[in-house]
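The following paragraphs lead the reader through a protein model, starting from one pair of strands and moving outwards from there. It may help to keep the structure in view while reading.

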Amino acid sequence: MGSKNARHSKSSASSSSPLSSPAAKLGEPESSPKGGISLDEILEIDLDKVEKMTVQQLRVKLRSVGIPAKGSKNELVSAWKEFVKSKTDGTGYLELDDHESSRKKSNESNSQKAGSLPCREHVMTRSSGTKRTKRKVEESLIGHNKVEINRMGSSAQDEQSIEYHEPIAKRSITKKRKVSSEVISMSSEASNSVHSSGEPWTILTHKKPQKGWVAYNPKIMRPPPLAGDIKHVKLMSWNVNGLRALLKLESLSALQLARREDFDVLCLQETKLQEKDVEAIRNTLLEDYDHSFWTCSVSKLGYSGTAIISRMKPLSVRYGLGISDHDTEGRLVTAEFDNFYLLSGYVPNSGDGLKRLSYRITEWDPCLGNYLKELEKYKPVILTGDLNCAHQEIDIHDPAGNKRSAGFTVEERQSFETNFLNKGFVDTFRTQHPGVVGYTYWGYRHGGRKANKGWRLDYFLVSDCIADKVHDSYILPDVAGSDHCPIGLILKL
């Protein structure tokens, strides 16, 4: 295969196919803190002057109003602008969002030096002038469209049979100088709805929502199930962020997910398995799924890793891109079935300080795009997995605050278009839900999942020639156990 990548197959598959060929927050009182500056002085400061300040001057200025002053100059300037904006909005506090430039998981971020990531700190509020306590985030206040989705109670078995209903209440607040009792009441209702339903993904919390956008609710936005006589296949994908850790959870097992969803094929990413782990886990993972294919990282143990687990026997299987420089991290498995090729992929993260951005957009993405087109010469292609890119502003909770974050840079988004969409592959979820805000990843820091501050990084991309055969492309935001949730695709054959 031209690679030292570890590969494990449970079932045998023929290699006589094209696959074997190369190819602050700040809730400050109106009076300034002792030794600080007044609100009037704050509003009179020219932002252009702030941008010209040195890092040390900015830190002094931020500390004078009680904002932690860590990070790069751009972050300090951004924190000041957000603070001023919060004061002029009249909200009386500032919400500083997660700024996860490399989307490092919590067990990795603990080992990194303070200030090495462009991530915003927890910002504390001052109570009675001296006591600092964590503020509770109240989502969707002034300047945001409020959308309330009519949620219909149903069991997991009923979810696919419920028809789509338009939102029954949509509120837009335009006055920004004063927080009215109506806004406070509305925000409280939304917050209570989240807590009472346990379904935060049904509340629109996007920072820059456009007219017509609504929050994703799979209970009411999925089409009815196909009739029994219509031949189809059900595919699922999940970045599990460590399969061994996931299997230790009592709340959900892979077997329970299989029983609930009855999928035909499950694709996994970021299994973090080593070669020695695969056999034991595979033999106990799923019943009735006799064909599984695993690839592990050999350049860095306990890292990356992808798999395809299927009840259908594939015609052939390939690991990696067939290019040794790209195939040591276990990022790709391809299975050929009768009607399509299925790829489980884990696209490299651009990393801390965007150190791998150039590799990502000049090497990995183009090679993967060319590989997809080579396969497509023989039959349609389906690429699924964590593609590590929030393609549009609708796909990320805070687009303005993440312009230089790994996964949302202009370069990555353009590469996504150039190497996948412009080559004729269709984003099935966005096609089915053009104005729906649905996330598949929530950072562990600051309760991103509970507040629905997420990213859509996981996709099902399909060849244009079979796009019209997609019956359903969906997200399962209720499934916990990882910082990603599963996604699904139902394809008519």
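In this predicted model, a good place to begin is the pairing of strand 14, residues 381–386, with strand 19, residues 458–463: the two run antiparallel and are joined by five bridges. Within this pairing, D386 stands opposite D458 of strand 19. Both strands belong to an open sheet of six strands, whose order is 11-12-13-14-19-15 and whose pairing is mixed. At its edges are strand 11 (316–319) and strand 15 (425–427), each of which pairs on one side only, and from one strand to the next the twist averages 20°. Helix 11, residues 357–376, packs on this sheet and touches strand 11, strand 12 (332–336), strand 13 (341–346), strand 14, strand 15 and strand 19, while its direction makes about 170° with that of strand 13.

Strand 13 also leads to a set of annotated positions, since Y346 has its place in that strand. The UniProt record, an unreviewed entry, gives the annotation "active site" to Y346, D386 and H484. These residues span 139 residues in sequence, yet no two of their C-alpha atoms are more than 12.6 Å apart, so they gather at one spot. Is Y346 buried or exposed? With a relative accessibility of 7%, which falls under the 20% cut-off, Y346 counts as buried. When its neighbours within four places in sequence are left aside, Y346 is in contact with N239, Q269, E270, S304, T306, R331, W364, D386 and N388. One of these contacts, D386, is itself among the positions annotated as "active site" in the UniProt entry, and D386 is also the residue that stands opposite D458 in strand 19.

Another contact of Y346 is N239, and this number brings the reader to strand 7, which comprises residues 232–239. Seven of the eight residues of strand 7 are buried, so this strand is largely enclosed by the rest of the structure. Strand 7 is joined by six bridges to strand 21, residues 487–492, and these two strands run antiparallel; in this pairing M236 stands opposite G488 of strand 21. Strand 7 is also joined by five bridges to strand 8, residues 265–269, but here the two strands run parallel, with L235 standing opposite V265 of strand 8.

A further region to consider is the one for which UniProt, again in an unreviewed entry, lists "domain: SAP" at residues 50–84. This span is 71% helix and 0% strand, and its end C-alpha atoms lie 11 Å apart. Helix 3 covers residues 55–64, and among its residues L58, L62 and S64 are buried. These three cover an arc of only 155° around the axis, which puts them on the same side of helix 3. As a general point, an α-helix has 3.6 residues a turn, so residues three or four places apart point the same way. Just after helix 3, G66 takes a positive phi of about 85°.

These regions can finally be set against the protein taken whole, which has 13 helices and 21 strands. Of its 493 residues, 54% count as buried. The protein exposes about 21,500 Å², and carbon and sulfur atoms supply 49% of that area.

How values were computed
Residues are numbered from 1 along each chain as its sequence is written. This is a predicted model: local features need pLDDT of at least 70, side-chain atom pairs count only at pLDDT 80 or more; totals for chains, interfaces and linings use all residues. Side-chain values use heavy atoms; hydrogens and water are left out. Two strands pair if DSSP finds at least two bridges between them. Helices (H or I, at least four residues) and strands (E, at least two) are DSSP runs, numbered from the N terminus. Axes are lines fitted to C-alpha atoms, for helices over the stretch in contact, and angles run from 0 to 180 degrees between N-to-C directions. Contact means heavy atoms within 4.5 Å. Buried means under 20% relative accessible area, exposed over 50%, partly exposed in between (1.4 Å probe, protein chains only). Accessible areas come from the Shrake-Rupley method with a 1.4 Å probe; for residues, only the protein chains shown count as cover. UniProt positions are given in the numbering used here, feature names are shortened, and annotations may be inferred rather than shown by experiment. The arc is that of the directions from the helix axis to the C-beta atoms.
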